[in-house]
Amino acid sequence: VCVCVFEWEMFFCLSLFSLLSRYAMARIPGSYLRFGMAASRAARLVLQREVADGVRGLVLSNPTKRNSLSAEMIHQLTDALHTAGQDTAVRTVVLTAQPPVFSAGHDLRELAETSAQGTSKAIFDACAQLMLSIRSLPVPVIASVSGLATAAGCQLAATCDVTIAAASTRFATPGLKVGVFCSTPAVAVARAILPKQAMRMLLTAEPITAAEALQYGLVSVVVPDERLESETVALASKIAANSRAVLALGKHTFYQQIEQDCGTAYKTAGDAMVSNLKLPDAHEGIRAFLDKRHPVWSHASSKQG
């Protein structure tokens with residue numbers, strides 16, 4: 001436990017004090033090129049059009065600042081997600097990060113400076129919009145997490161529709177250690193796991209393991225470190241093999257009904273089922289099932305009948 005805490009504190013300090021190095025930005029592991037990582041010195045976030053058929057990969061790529069969610073990172077990630085959502089060829093988005101950590105949360109130096117200037121609320125507002133944009137995106141977003149995800153980084157992982165984590169990954173909401181309670185990360189974390197476990201994370205400020213995160217419901221699946229990339233691609237490809245129009249309708253309905261009382265949720269879901277049946281791909285899917293063949297999706301969102 002002591003070693004784990006020491007390692008986390010080391011990463012946290014590096015997140016606060018390390019400076020951006022162009023040399024480090026150019027030294028990108030080859031495996032991450034598959035997720036859209038390009039040796040660009042001009043951009044912290046670089047996207048690749050396809051990880052696999054229908055899969056857009058986005059990479060947090062500011063490793064010397066531990067992929068902190070600075071105002072610029074938030075802006076670029078929001079724009080990249082919007083672009084992916086507008087691209088009808090994209091049916092799944094994979095969000096990952098250049099090692100050694102997924103994201104250490106907000107840039108504390110930036111927060112200190114903006115607080116002194118009275119402009120820090122703009123960062124939190126932009127971060128909230130980023131999280132909401134993930135939920136409103138018409139395609140699923142998969143977080144592929146390794147290393148460490150703390151504070152707003154943990155918030156980001158918790159917000160994604162599906163989260164796959166390497167076995168050695170740790171998650172934390174450590175704000176109390178620096179005198180700043182993780183109030184905004186708590187919004188996403190408390191909606192992903194039980195309140196008692198969320199409060200344990202928030203009040204102790206200690207990291208939890210990937211196994212604990214899986215037990216609590218913070219992540220969807222945990223895989224061996226060496227299989228994280230292959231398992232992520234396989235999962236994303238499986239999701240992307242479906243109709244984009246049906247994925248969009250299903251995702252929207254899920255998050256709409258989950259906030260409603262049971263009776264209202266059933267009405268919302270029933271209306272969605274009726275709308276779903278009018279989609280061209282619903283007609284195709286049912287016909288293909290009856291004909292004992294694979295469906296050929298049009299991905300069209302226009303309704304029939």
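Visitor: What is the relative accessible area of Leu 176, and how is the value read?

Guide: Leu 176 has a relative accessible area of 40%, which makes it partly exposed. The class follows from two cut-offs: buried is under 20%, exposed is over 50%, and partly exposed is in between. The model is predicted, and Leu 176 sits in the loop between strand E7 (170-172) and helix H7 (183-192).

Visitor: Which residues form a nonpolar patch on the surface with Leu 176?

Guide: The partners of Leu 176 in the patch are Phe 181, Met 199 and Leu 203. Together the four residues have about 360 Å² of accessible area.

Visitor: What does the protein as a whole expose, and what share of its residues is buried?

Guide: The exposed area is about 14,700 Å², with carbon and sulfur atoms supplying 61% of it. Of the 305 residues, 48% are buried.

Visitor: How many helices and strands are there?

Guide: The protein has 13 helices and nine strands. As for contacts, take those between residues at least 6 apart in sequence: 67% of them join residues at least 24 apart.

Visitor: How should I read a sheet, for instance the one that contains E5?

Guide: Read the strand order, then the pairing, then the edges. Here the order is E5-E7-E8, in an open sheet of three strands with mixed pairing. E5 and E8 are the edge strands, each with a single partner, so one side of each has no neighbour in the sheet. The pairing of E5 with E7 is parallel and runs over three bridges. As one example, Thr 150 has Ala 172 in E7 as its bridge partner.

Visitor: Where is Ala 151, and what is its phi?

Guide: Ala 151 is in the loop between strand E5 (148-150) and helix H6 (152-159). Its phi is about 50 degrees, a positive value although Ala 151 is not a glycine. Ala 151 counts as buried, at 13% relative accessibility. Ala 205 also has a positive phi, near 60 degrees. That residue lies in the loop between helix H8 (195-204) and strand E8 (208-209), and it is buried at a relative accessible area of 2%.

Visitor: How many residues of H6 are buried?

Guide: Eight of the eight are buried, so H6 is largely enclosed by the rest of the structure. Cys 154, Gln 155 and Thr 159 are among them.

Visitor: Which peptide bond is cis, and where does it fall?

Guide: The bond from Pro 99 to Pro 100 is cis, with omega near 15 degrees. Pro 100 belongs to the loop between strand E3 (92-97) and helix H4 (108-117).

Visitor: What is the general idea behind a salt bridge?

Guide: Side chains of opposite charge can pair when their charged atoms come close. In this structure a full search finds twelve salt bridges. One of them joins Asp 107 and Lys 65, whose closest N and O atoms are 2.8 Å apart. Asp 107 is in the loop between E3 and H4, while Lys 65 is in the loop between strand E2 (55-60) and helix H3 (71-86), so the pair ties together parts that are 42 residues apart in sequence. Both Asp 107 and Lys 65 are buried.

Visitor: What separates Lys 121 from Asp 125 in helix H5?

Guide: They are four residues apart in H5 (residues 120-136), which means a separation of about one helical turn. Their side chains meet in a salt bridge at 3.0 Å, N to O. Lys 121 is exposed at 56% relative accessibility, whereas Asp 125 is partly exposed at 37%.

Visitor: What is the N to O distance between Arg 200 and Glu 212?

Guide: It is 3.8 Å, in a salt bridge between the two side chains. This pair links distant parts of the chain, with Arg 200 in helix H8 and Glu 212 in helix H9 (residues 210-216), twelve residues apart. Arg 200 is partly exposed at 38% relative accessibility, and Glu 212 is partly exposed at 23%. Salt bridges can also form networks: one links Glu 284, Arg 287, Asp 291 and Arg 293.

Visitor: How many aromatic pairs does the structure hold?

Guide: It holds one. Phe 254 and Tyr 255 form this pair, at 5.2 Å centre to centre and with 80 degrees between the planes, and the geometry is edge-to-face. Planes over 60 degrees apart count as edge-to-face. Phe 254 is partly exposed, with a relative accessible area of 44%, whereas Tyr 255 counts as buried at 19%.

How values were computed: Residues are numbered from 1 along each chain as its sequence is written. This is a predicted model: local features need pLDDT of at least 70, side-chain atom pairs count only at pLDDT 80 or more; totals for chains, interfaces and linings use all residues. Side-chain values use heavy atoms; hydrogens and water are left out. Patches are made of residues with over 30% relative accessible area and no salt bridge: like charges are joined within 9 Å, nonpolar side chains (Val, Leu, Ile, Met, Phe, Trp, Tyr) within 5 Å. Accessible areas come from the Shrake-Rupley method with a 1.4 Å probe; for residues, only the protein chains shown count as cover. Buried means under 20% relative accessible area, exposed over 50%, partly exposed in between (1.4 Å probe, protein chains only). Rings of Phe, Tyr and Trp (its six-membered ring) pair if their centres lie within 6.5 Å; planes under 30 degrees apart count as stacked, over 60 as edge-to-face and the rest as tilted. Contact means heavy atoms within 4.5 Å. Two strands pair if DSSP finds at least two bridges between them.
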